[in-house]
Amino acid sequence: MSAPGLAWRSITTPLGTLTLAAGAHGLRAVLFDESTPTTDADARAAGHLDQAAAVLTAYLTGAGATLDIVIDPAALPGGFAGRVLAATAAVPRGRTTSYREVAEAAGSPNAARAAGQALGANPLAVVVPCHRVLASDGGLGGYTGGLERKRALLALEGVTV
């Protein structure tokens with residue numbers, strides 16, 4: 001995901017390495033286990049990156065309760081996938097939902113699998129909390145960062161699965 005004008009940083013967290021990318025308008029990506037590209041970016045991108053790194057580090061170490069981060073609107077897809085991510089972003093900390101419920105909130109109640117695919121392509125891991133989306137039977141379902149990370153994030157938020 002290399003792009004001109006993005007500032008990149010890797011941070012070490014209890015979940016492992018997270019790679020962050022930010023542009024002039026906010027955070028563009030939070031990725032698991034990615035290498036950090038070298039690029040030139042303006043000061044606004046670096047400022048968004050500093051803010052995102054501080055907030056994510058606090059959240060993942062239990063020192064912060066919210067993920068109040070400026071997100072670049074260009075980071076989010078349009079269409080059904082964008083509606084799925086928006087519905088997922090609305091799930092409060094400490095709560096879970098199902099892939100079917102997210103699909104329904106996105107306007108396609110029979111598209112649970114497509115909702116899962118949209119969540120699998122979530123460019124903002126942790127920030128758009130796809131870890132809060134479970135299978136209809138209450139099982140973990142999938143998670144791009146791995147099921148151990150999903151369990152750890154849910155546990156951090158007080159949810160036992």
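How many bridges join strand β1 to β2, and do the two run parallel or antiparallel? In this predicted model, select residues 7-13 for β1 and residues 16-23 for β2. The two strands are antiparallel and are joined by 7 bridges.

**The β1-β2 hairpin.** Follow the chain from β1 into β2: the connection is a hairpin that passes through 2 residues. To inspect the register, display Ser10 together with Thr19 of β2, which stands opposite Ser10. Colour β2 by accessibility next; the strand is mostly covered, with 6 of its 8 residues buried.

**The β2-β3 hairpin.** Add residues 26-32, which make up strand β3. β3 runs antiparallel to β2, and 6 bridges join the pair. Here too the connection is a hairpin, with 2 residues between β2 and β3. For the register of this pair, select Gly23 and Gly26 of β3, which stand opposite one another.

**The largest nonpolar core.** Now show the side chains of Leu20, Leu27, Val30, Leu56, Ile69 and Val126. These are the residues with the most contacts inside the largest nonpolar core, which has 40 residues in total. Strands β1, β2 and β3 each give two or more residues to this core, as do helices α1 (43-60), α2 (79-89), α3 (99-105) and α4 (112-120). Helix α1 gives the most, with 8 residues. In soluble globular proteins, nonpolar side chains tend to be buried together.

Centre the view on Val30. Leaving aside residues up to four places away in sequence, Val30 touches Leu18, Thr19 and Leu20, then Leu56, and further along the chain Pro123, Leu124, Ala125 and Val127.

**A separate core.** Apart from the largest core lies another one, of 5 residues. To find this second core, select Leu6, Trp8, Ala21 and Leu31, which are among its members.

**Helix α4.** Which residues of α4 are buried? Select Ala115, Ala118 and Leu119, and look along the helix axis. Because these three residues cover an arc of only 100° around the axis, they lie on the same side of α4. Keep that side in view and display the neighbouring elements: the buried residues of α4 pack against α2, α3 and β5 (133-134). Finally, turn the helix over and select Arg113 and Gln117, which are exposed on the other side of α4.

Technical notes: Residues are numbered from 1 along each chain as its sequence is written. This is a predicted model: local features need pLDDT of at least 70, side-chain atom pairs count only at pLDDT 80 or more; totals for chains, interfaces and linings use all residues. Side-chain values use heavy atoms; hydrogens and water are left out. Buried means under 20% relative accessible area, exposed over 50%, partly exposed in between (1.4 Å probe, protein chains only). Helices (H or I, at least four residues) and strands (E, at least two) are DSSP runs, numbered from the N terminus. Two strands pair if DSSP finds at least two bridges between them. A nonpolar core is a set of buried Ala, Val, Leu, Ile, Met, Phe, Trp, Tyr and Cys residues joined through side-chain atoms within 4.5 Å. Contact means heavy atoms within 4.5 Å. The arc is that of the directions from the helix axis to the C-beta atoms.
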